[in-house]
Amino acid sequence: MDVLMLSRLQFAAATMFHFIFVPLTLGLSVLIAFMETRYVQTGDEVYRKMAKFWGKIFLVNFALGVVTGITLEFQFGTNWSRYSAYVGDIFGSLLAIEATAAFFLESTFIGVWHFGWEKLSPKAHATVAWLVAGASNLSAIWILIANGFMQDPTGYVIRNGRAELTDFLAVITNKWAWLEFFHVIPAALCLAGFFLMGVSAWHLIRKSEVDFFQKSFNIGVTVALIFSIVVAVEGHIHGNNMSLKQPAKLAAMESHWETQTNAPMYLLVVPGEDGNLVEALPIPGALSFLAYNDFNAEVKGLNDFPKEDRPPVIITFLAFRTMVGIGTLMPAIALLGWVMRNKLDKIPLYLKVLPYCIPLPYIAIWAGWTLAEVGRQPWIVYGLMRTSDAVSPIGTGEVTFSFILMCTLYTLLGAAGIWLMIKLAKKGPEDHSPIQV
């Protein structure tokens, strides 16, 4: 394996592991702030207990997200130095803003929130909870703006052999970035909703703290239902933009080979890297409509792109199908729970299955990012810089060693962190002592 592939695998492993924790941080921070607000509004002590209980899990999750995220930024210097040299004027400024203006703000507010339970009034503490949620999502904005530049570069000029920033406003108002934001944040809220549903169901089936976990379930299922639908709707809008900006990605995710109008979508496809092995059950015009909202629109096929400019078809195709399949299943699961939310004892099988549904939004999010990043290949910055030109001039031995070391440490860290979150989730809300992280 060469340096390029090893560096890609290392970055992918670090990103996927980091993204076990990021979406739960984003979504759960908002739900905890909502719980505190309900406590202020109603005086119901259950909501205060809820904020404390889910807050413990949030703190562990946040700590793991911080530790696993640090190595990602270092890799731009160690593994992708040519990329950093070429677009660092734009990309580096966005990461710097995220670290100094958003991450430190988030960390400060989390400290105030964690240690301020007995020192702040309920209203002040709830305000701090919303500041934590706002800072967490502000951090996500800058990361997604940076990724948006990689997907659809704007606001730069090539000068002195590198991309130099000329229009910061164009960079931060990049349509692709904001479509990503309005896809990622609802997905994170959906994930947090499923997390609340799964943990609450585990306790409800055991008749443990029924009032507490019934309220938690009701919040989770409502959020999961609303935002699983929002994700699907926004995903269609995002797909329309992608069809215009990255037509090769569209063709790869549908394994669509021949340019045609009224392009069909096949319900049964077995893709290959040079053509489909099986195509069956076409829906005429469906692909044209999904891509351009027009049944007669022309959809460009993979054969119209040079082979060296095509993304990996099979991975992109499977990632898209996984994302859409789970994204279709989740609203159905949430709808059943919402309809039956006040008589869950009548569907014990549903409660028993729900804890095993917690991984579903995680898998859908991983698949979505796989589609976004693998489908962009062979470009690290679309149409501007190839991934093969971005890798550092280092030896395979160095990357292999760091890759193995990183995976080993992440596995141990992740196992310990996830074990602790499971332990806290199973323990329930009885113990309210602060957790040290």
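Select Ala 224 first, in this predicted model. Leaving aside residues up to four places away in sequence, Ala 224 touches Cys 190, Gly 193, Phe 194, Met 197 and Ala 334. Show those five side by side with Ala 224. Now colour helix α8, residues 210-245; Ala 224 sits in it. Is Ala 224 buried or exposed? Its relative accessibility is 0%, and the cut-off for buried is under 20%, so Ala 224 counts as buried.

Next, add Met 253 and draw a C-alpha to C-alpha distance from Ala 224. The two are 29 residues apart in sequence. In space, the distance is 26 Å.

**Aromatic pairs**

Turn to the rings. How many aromatic pairs does the structure hold? There are 21. Pick Trp 142 and Phe 168, which form a stacked pair. Their centres are 6.5 Å apart, with 20° between the planes. This pair links distant parts of the chain. Trp 142 belongs to helix α5 (residues 122-151), and Phe 168 to helix α6 (residues 168-172). The separation in sequence is 26 residues.

Switch on a surface and compare the two partners. Trp 142 has 15% relative accessibility and therefore counts as buried. Phe 168 has a relative accessible area of 32%, so it is partly exposed.

Move to Phe 212 and Phe 213. What is the geometry of the pair Phe 212 and Phe 213? The ring centres lie 4.8 Å apart and the planes meet at 75°, so this pair is edge-to-face. Phe 212 and Phe 213 are both buried.

Keep both selected and add Phe 53, Trp 54 and Phe 195. Ring pairs link these residues with Phe 212 and Phe 213 into a cluster.

**Zoom out**

Now show the whole chain as a cartoon. The protein chain has 14 helices and eight strands. Its radius of gyration is 23 Å, close to the 22 Å that the globule rule gives for 437 residues, so the chain is as compact as a globular protein of that length. Draw a box along the principal axes: the C-alpha atoms fill roughly 65 × 50 × 40 Å.

Colour by burial next. Of the 437 residues, 52% count as buried. Then try a contact map. Among contacts between residues at least 6 apart in sequence, 79% join residues at least 24 apart.

Finish on the surface. The chain exposes about 19200 Å², and carbon and sulfur atoms supply 68% of that area. Last, mark the charges: 30 are positive and 32 negative. The mean positions of these two sets lie 10 Å apart.

Definitions and conventions. Residues numbered from 1 in each chain as written. Predicted model: local features only at pLDDT ≥ 70, side-chain atom pairs only at ≥ 80, totals over all residues. Heavy atoms only, no water. Helix = DSSP H or I, 4+ residues; strand = E, 2+ residues; numbered from the N terminus. Rg over C-alpha atoms; globule rule 2.2 N^0.38 Å. Buried < 20%, exposed > 50% of the residue type's maximum accessible area, 1.4 Å probe, protein only. Contact = heavy atoms within 4.5 Å. Areas by Shrake-Rupley, 256 points an atom, 1.4 Å probe, with all protein chains shown as cover. Lys, Arg positive; Asp, Glu negative; His and termini not counted. Charge placed at Lys NZ, Arg CZ, Asp CG, Glu CD. Phe/Tyr/Trp six-rings, centres within 6.5 Å; stacked < 30°, edge-to-face > 60°.
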